[in-house]
Structures are given as C-alpha cells and as structure tokens.
Amino acid sequence: QSNVEIYGLVGVYAGSIKRSDMTPRVTQLGHGGLTTSYFGFRGREDLGGGLKAIFQIENFFQPDTGAAGRNATDPSFASRSAWVGIQGGFGQLTLGRHTTPFYLAMQAVNPFVASTVFSPVVLQSYIAPFGGTIIGDTVWNNAIQYSIPTMNGFSATAIYGLGEVAGSNGVGNLGLTARYAQGPFLATASAQRVRVGATAPSTGQYAYLGGVSYDFSFAKLFGSVQKTERTVTDLESSTYQLGASIPVSQAGKVLASWSQTKADVTPVRETTRNTAAIGYDYTLSKRTDLYAVYLRDKVTGNSAGNSYAVGIRHQF
Amino acid sequence: QSNVEIYGLVGVYAGSIKRSDMTPRVTQLGHGGLTTSYFGFRGREDLGGGLKAIFQIENFFQPDTGAAGRNATDPSFASRSAWVGIQGGFGQLTLGRHTTPFYLAMQAVNPFVASTVFSPVVLQSYIAPFGGTIIGDTVWNNAIQYSIPTMNGFSATAIYGLGEVAGSNGVGNLGLTARYAQGPFLATASAQRVRVGATAPSTGQYAYLGGVSYDFSFAKLFGSVQKTERTVTDLESSTYQLGASIPVSQAGKVLASWSQTKADVTPVRETTRNTAAIGYDYTLSKRTDLYAVYLRDKVTGNSAGNSYAVGIRHQF
Amino acid sequence: QSNVEIYGLVGVYAGSIKRSDMTPRVTQLGHGGLTTSYFGFRGREDLGGGLKAIFQIENFFQPDTGAAGRNATDPSFASRSAWVGIQGGFGQLTLGRHTTPFYLAMQAVNPFVASTVFSPVVLQSYIAPFGGTIIGDTVWNNAIQYSIPTMNGFSATAIYGLGEVAGSNGVGNLGLTARYAQGPFLATASAQRVRVGATAPSTGQYAYLGGVSYDFSFAKLFGSVQKTERTVTDLESSTYQLGASIPVSQAGKVLASWSQTKADVTPVRETTRNTAAIGYDYTLSKRTDLYAVYLRDKVTGNSAGNSYAVGIRHQF
C-alpha cells in the first residue's frame, strides 16, 4: 500500500452547448470541463545509483454517467496512461500507453490547458465535431518514450508508437517535443508523424506546433501556431491561437483564448473556423475551484454557436 | 493517498433460485445477495468557513464472474455513484451519478434494505423479471442533488436528472424525499417523476412511496405503500409491504418481509404478485456476517416459486 | 483504507514474435510477458478464535493499450480473481472467481511459471494459437474452493465451479490438486474435469498433471507430464515438459524450458508441437527486474518460428 499513490481529479460542469454547426442546443451535465476527470495510481522504487523504477496507471472517467474513459471507444482500465520504466541521470525511459508530447506542448501554450470542452485550440485540434485537425488520439498505444534530463531550462522528449502491423514495422507513430522554460518565459516546438490508424488513400499525417508564453505578472500571454499535412491526399490545415490568463483577485483569474483554423476538407474545399472562449476561474482551496466559461464558435457555412457553463473541479 | 479512502463490500451467496414464472430452477453462486457488492473511493477537503469539498466514486461488481457493474448494461467504472460537490451549513449540493432518494427511502422502511435478490419490495419495484414497477434505474445519470441539513430529525433531498435531449430540456427526472427520524421512529415520503428513457406512447411515470418503521427493541417493524402511474398509457400499480427484524441472540436476527403488487400490464390486464422472504442474519464481527434466506414468489397465472440461499458479506 | 492493501505488477516487453504457423512476424510492445500485468486489492479481518475473513479482487490489465483484462472477452473489473471467504484452523474456504489449482500446479513445475507469452508448457496448454490443450480458462467463475491447512509440507485444494445451467446442476467444473514441498523438493499432482463451455458433441474434458522440481542450488530442475481427454469425441493430448533455472550471478539467472505436445485435432489427425524457450532474468531490486527471452516453436506441417523479446517487470 505504501508503494502506491492514489490521485486524480473529479470535475463536472452544467451548461448549455451549441457548436456553430449544431442545432438545436443541448443542456447538459458534462464530465470533465476545464479538466477531463481521471483517476490514477502511481509508484516508484529506488534502485540505487540514482536510478528509480516508476509506473503510472491512469483512467479517464465520466462522473455524470459512471462510464470509464472519455467515450465509448476508450479502453476501460487505463485510458489516460499506463506505463512502466526507469528514471535516472540519463533521463527517463518508459513503455506503454502515453499522452503524446504534442498534446502536452499544446497545453503549455494556451490558457485553457488540456480542456477538450472549453479550450479553442484543443477543440480545433482533437475534437472531431469541431473539425479536429490532428489524426490520432491525444494518447498513443504501444509506445516507447524517452526524455532527456532538464538542463538549464531545456528539455526534450521523443516517443515512438508501434503499429504492430504484421510484416509492416514502418507503420508507427513518431513524436518529438523540445521545450525551454526560464523564469516567466516558455517556448516549445513539437512535431509528430502519425501512421497508425491513417485512412486510405492517406498513409498518415505530419503535424507541427510552435508556441510561447510569457508571464508579465499582471497577465500571462500565450500564442501558438500549428500546421498539419496529410500524406498522399495532401489535405492541409493551419491553426493560430492567442490567449491570456489575467489574475483579478487573490483567488480569481480571467482566462481568454481565440483560435482560428483554416483546413482543407473533402470533397476539397477550404473552411475557416473561429472559436473563442472567455472564462473566470475561482480557487476555493488548494485542491478545489469553481469556474464559468462562455465559448463562441463559427465555421464557414454555418451561423455562430455559443455555449456557456459553470463547473467545479476537485483534485485528490 | 491520504486524500482518498477505499471502502466497499464483497458479498456472495450460493442458492437455488426459482421465481413464480420460472422453470426449471437454477443453482447458482450469485454476486451480491443481501447487499450488492461494490468498491468505492471517497474523499473530502476542508475549504474553511464550515465548507467541505466532497467526492465519491463507487462501482458495483460481480465477484462470481469478475464483471463490473450489476449487469451488462451498467457502466464499467462507477455504476453505483460518481459525484463531486460542496457540503456546509447550507446542506449538501452534489453533481454527477446518484442513487435516487426514492430507492434510499424504500431501503429505510423494509428489513431487507437494498437487496435486489431477497427484498420482496425491491424485487417488485426494480427487478424486471419480478415485474419491477418503477421505470428508470436505482441510479440516475447527469443529476444535481441538494439535501437540506438535518433539523430536529427532519431531512429532505431533491434531485434533478437532466435528459440531455437536444432542444427538449423538459425531458428530465425529478425526485423528492422527506424523512423524519426520532428515537425508535422513522417515517419517510418520496415522490419521483421519470421521463428519461420513457417508452412511447408513455412519456414517463410518477411514483410515490410512504413508509414507517418503529423499533420496539424486541422487534423492529416496517411498513410501506407505493403507487406508480404512467403518463398517457395510464398503467398503474400499487405495492404494499410489511416487514420485521427480530433480534434472537446477541449476534443473530430474523428478517421477514412480505410485499404485494397489483399492476396493470400490456396487453391491459391486472396481475397480482405476492413475494415473501424470511432470513436469518448472523454477525461474525463488525464487518462480516453470514445469512440464510428463503423466498417465496407467486404471480397471477403461474405456480409459486421458491428460492433458498446462504451467503456471506464482508465490508472493508 | 487501512483495511485494504493495494498491490500488483506492471510488465511490458518489446519483441518480435513469430509462431510456427504464423507469417509474417510482428514487432510489438506487449503487455505482460514473464508475468501478466495485474492490479489487486485485498484485505483480512480477524474474527477471533483463529478465524479470519479474507477477500481479494484482482484485475489483469494491458499497459500497452490501457485495456482491462487479458483480452476482449475478459470481464473488465476483476478478471484475475474476485472472492471472499473464511480462513482458520480448518483451512480456507472461498467463494467467487478463482485461478484454477490446475494452472497453479503447472506454474510450480516449470521455470517460466505463469507466463502466457514465454512459458512453452503454458502456451501449449492454454493459448489457442499454440494449440492450447486445456478446455476452459485459467480462471473459473462461480467457484467454491477449499484448501486444507498445510501439514508436514503437504497441502491440497479442491474447487467446484457451478455451471448455473437451469435444470442441469451437473454441468459444473471440478478440480483437485495435491502438493508436497519439503526443502529443495516439490511434487504436485492435479486433475480437473471441465464441463462449463464444452463444445458439442463433446460434453467436457478431463485433464491430468504430474510434476516435480528440485533445487540443486547450482540449478533448479523442473519436469512435468500432462494428459487431456475429451468426453464423447475422445480427442486426446499428451504434454511433456523439462526445465531449468540456473543462477549465474547474484542478480541474474538463466531460465530454460522445453515442452512437447502430441494432440489429436479435428478433422482427426495427430500433430506434434515442440516449443522451447531460453531466457535471462536480471533482478534490479526486490521489486523490479529486466529480462530477455528467445522462444522457438515448431508444429507439424509448418516451418519453425522464433520470437525474441526484452522486458521489464515492476511489482508494487
């Protein structure tokens, strides 16, 4: 028991949701919200010589319905991560199911972090009804990940996800992220190549991300650029995001982010999607906060939609 | 780790089961029995000012097969409950998946409490092969629940379960329970309106329950009345239940309950079901007990069936 | 929380796998390996008089994909075991889902223990693509198990798994294992009759196992014999296994095992399968080890296949 730590976050929001291409709107109690609810177990063992064995098992879950995972296609035991590995002076090597470094880089340079409900850039990147540009999930299976030790604020991570296709070892995913953080400044660049689950005729997708954040104390500003390109079919997308996190009291801060994606879709034409969110996050304690968010969404050929919600998050 | 408490109950029974309308009988090792097995995590955080953040995540499970939930349609992560909320002088407000106050009221006024295998009134209310009169589950999704603080033995809970039907906000479930407990006396009244999952042409169901219990020391007596009525189709049911819990030694008590339901069924006719159970529950320790139960069941048009079982429960 | 212990093992291997009848080979990150990953909760309560209430809930899981269980047909909550019972001077009686005594006996007399990926005799007994001779799983549902207390190194376990077929109480599984362990010597004999899940026209299968191990310090040697016979269809199999575990340094040992199965298959003919594995297991600490395994497999009518893998196991 002393070897295992239990931790996680349970979050629920109540809101009225309407995307640009959605009609009519739906009133719902949703799971997640600012952070997708999860439940985790982790542990470490000292191996001597500065080495540690480490493991982590995390499952997303839906407190509104009791369902496992984020959706019906998620695995039921450890949808968020499941890995084991070794940590030491050489860095960290882990094997199993991992959150992609690309998604982690995206989180670092937008004020709504990992929110799959309220972060404009995350919606436009990963959520299919919002035209999610990135092929493949935010989590990769069968992956080997290596991170160098952080040196003078610089860190880097490489991940390789095996496709496990008999006779076709090349059908694998590859990701690389570099990050520099010093004082109030952070910059990150990430690239990934996805081949697992690519839909023919495309054999995969390349995605690139660059972003920065700077904390001016009175406000923390964020900016990021993303590009994707599918092999063979040549479908491309460009995403630009700007954001801010502004403390307005000891416990409250305003969050704002706007993201625009221009994307090729089939049959071939270009669409433009603008999604913007503004929210207020109020900290009740070290582990609990309340928030309200307004989100506006507009895609080519549809009238604008808007959503509003209030929510609670509790870490444990 | 210190933030999360692990708890639950594992129960198994071995028995020979035959409902009135069932032939032949089946000998089985069953999960649950007097209490359905479950596994839970809960925690609380002091927010100051008498407020607490609270959460609870509980999963039913089947120790006979290792399956999650009570049945194949249950979610696999938190079928029993999953919620987060705030507790304080104002009462308690929680959001997520909740056990209905109606089912909790029913448990308080019958000696077999929540047993979905041996409690006659629970069988006749919630278990389909026993003609379960109540539409909807004992657990509601997407629910907001508020309880007032207990005052002079009086408490009350309201719950609203969103239907999340786009453009139809009114398709929701509603429940209200009041309860008064003072010394040996307890009385409770509950009403609920179920619209989520109603089968056309009916648009839902109203259900009402009233019940009392009184502990005379030599015996605790129970009595309850329930009525249901479906909207549009007008299918009705009435249920009457009487029960007793009689201590016969320091560790042992006899449990007895009889329940009768008269219900309209389609094609329209009325059926009467009588189900009675008598059991003996022997406490081995604070957390472990053994029991034996005999159950007799008779419904209009079928010969009587009877079931007997022995079981074990262990709380942790 | 103090009532529940959390424990388990997370293991992953990276390897290139090719069975005798498989083409082409597949490179994969696999879950399990030397031990199938699992996650468990267990507890005990002192009942006085030398009696204890005990329970155990264990789930297999797949750290490469986050899936629950060993495969898609496993239950999602407690695929490895789920039982509750009583322990005392009389022995141990438990009810629920259990690992079969037959599989446990097999583990005691081969150096690759329970590995469903690298143990030749386990592959030939339980893994369908390797011609697994044993009908039924390594885990039985609805089971009642009784073990006598160990006396002078002798122990024995009986298990009965109910089939729960209405009107056919005889469709159940039965298993018996005896074991003698004294100093460096261990001998075990096991027999089981499987009727649950038998495929017509066969009404079941009888399986027998005898095995020994002896620890000569410079090496521990293993040997086992298995026979199976299906009722009605009379399909038979014979399996012979020899193995060794040889310490080569303070932390490292070489493992080797060869298993041969001659089996009747339908349409009726006899096949011979030879599977051999050699591995090196290196202990990093009390709870973590690394290993490398080479496995060669040859079945009648196919060219030989060979697999190699490196892996990590971490207990918690």
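These notebook entries record what I looked up in a predicted model, taking two chain interfaces and then one helix.

**Entry 1. Chain B against chain C**

I began with the extent of the contact. Chain B contributes 31 residues and chain C contributes 33 residues. I then looked up the area. The size of an interface is often given as the accessible area lost when the parts come together. For chain B and chain C the buried area is about 2800 Å², and 68% of it lies on carbon and sulfur atoms. I also noted which residues of chain B supply the most: Ile6(B), Leu29(B) and Arg287(B) give 19% of the area that chain B buries against chain C, more than any other three residues.

Next I looked for charged pairs. How many salt bridges does the rule find across the interface of chain B and chain C? I found one. Glu45(C) and Arg287(B) form a salt bridge through their side chains, at 4.0 Å from N to O. Arg287(B) is thus a name I recorded twice, for the salt bridge and for its part in the buried area.

I then turned to polar contacts and recorded 11 residue pairs between chain B and chain C, both residues being at pLDDT 80 or more. On the side of chain B that touches chain C, the elements that give two or more residues are strand 1 (5-17), strand 2 (26-31), strand 3 (38-48), strand 4 (51-62), strand 5 (67-68) and strand 18 (305-315) of chain B. I sorted this side by class and noted 16 nonpolar, 10 polar and five charged residues.

**Entry 2. Chain A against chain B**

I repeated the search for the other interface. Here 31 residues of chain A touch 34 residues of chain B. The two chains bury about 2800 Å², with 68% from carbon and sulfur atoms.

Which side chains meet in a salt bridge between chain A and chain B? I recorded Glu45(B) and Arg287(A), at 3.9 Å from N to O. The rule finds one salt bridge across this interface. The polar contacts come to 11 residue pairs, both residues at pLDDT 80 or more. Among the elements of chain A that each supply at least two residues to the side touching chain B are strand 1 (5-17) and strand 18 (305-315). By class, that side of chain A has 16 nonpolar, 10 polar and five charged residues.

**Entry 3. Helix 1 of chain A**

Lastly I asked why helix 1 (residues 101-108) of chain A is described as largely enclosed by the rest of the structure. I found that seven of its eight residues are buried, so the description follows. The buried residues include Phe102(A), Tyr103(A) and Met106(A).

How values were computed:
Residues are numbered from 1 along each chain as its sequence is written. Chains are lettered from A and ligands numbered from 1 in the order in which they are written. This is a predicted model: local features need pLDDT of at least 70, side-chain atom pairs count only at pLDDT 80 or more; totals for chains, interfaces and linings use all residues. Side-chain values use heavy atoms; hydrogens and water are left out. Contact means heavy atoms within 4.5 Å. Buried area is the accessible area (1.4 Å probe) that two parts lose on being put together, summed over both. A polar contact is a pair of N or O atoms within 3.5 Å; within protein, one must be able to donate a hydrogen and the other to accept it, and residues adjacent in sequence count only if both atoms are side-chain atoms. Helices (H or I, at least four residues) and strands (E, at least two) are DSSP runs, numbered from the N terminus. Ala, Val, Leu, Ile, Met, Phe, Trp, Tyr, Cys and Pro count as nonpolar, Asp, Glu, Lys and Arg as charged, and the others, Gly among them, as polar. Buried means under 20% relative accessible area, exposed over 50%, partly exposed in between (1.4 Å probe, protein chains only).
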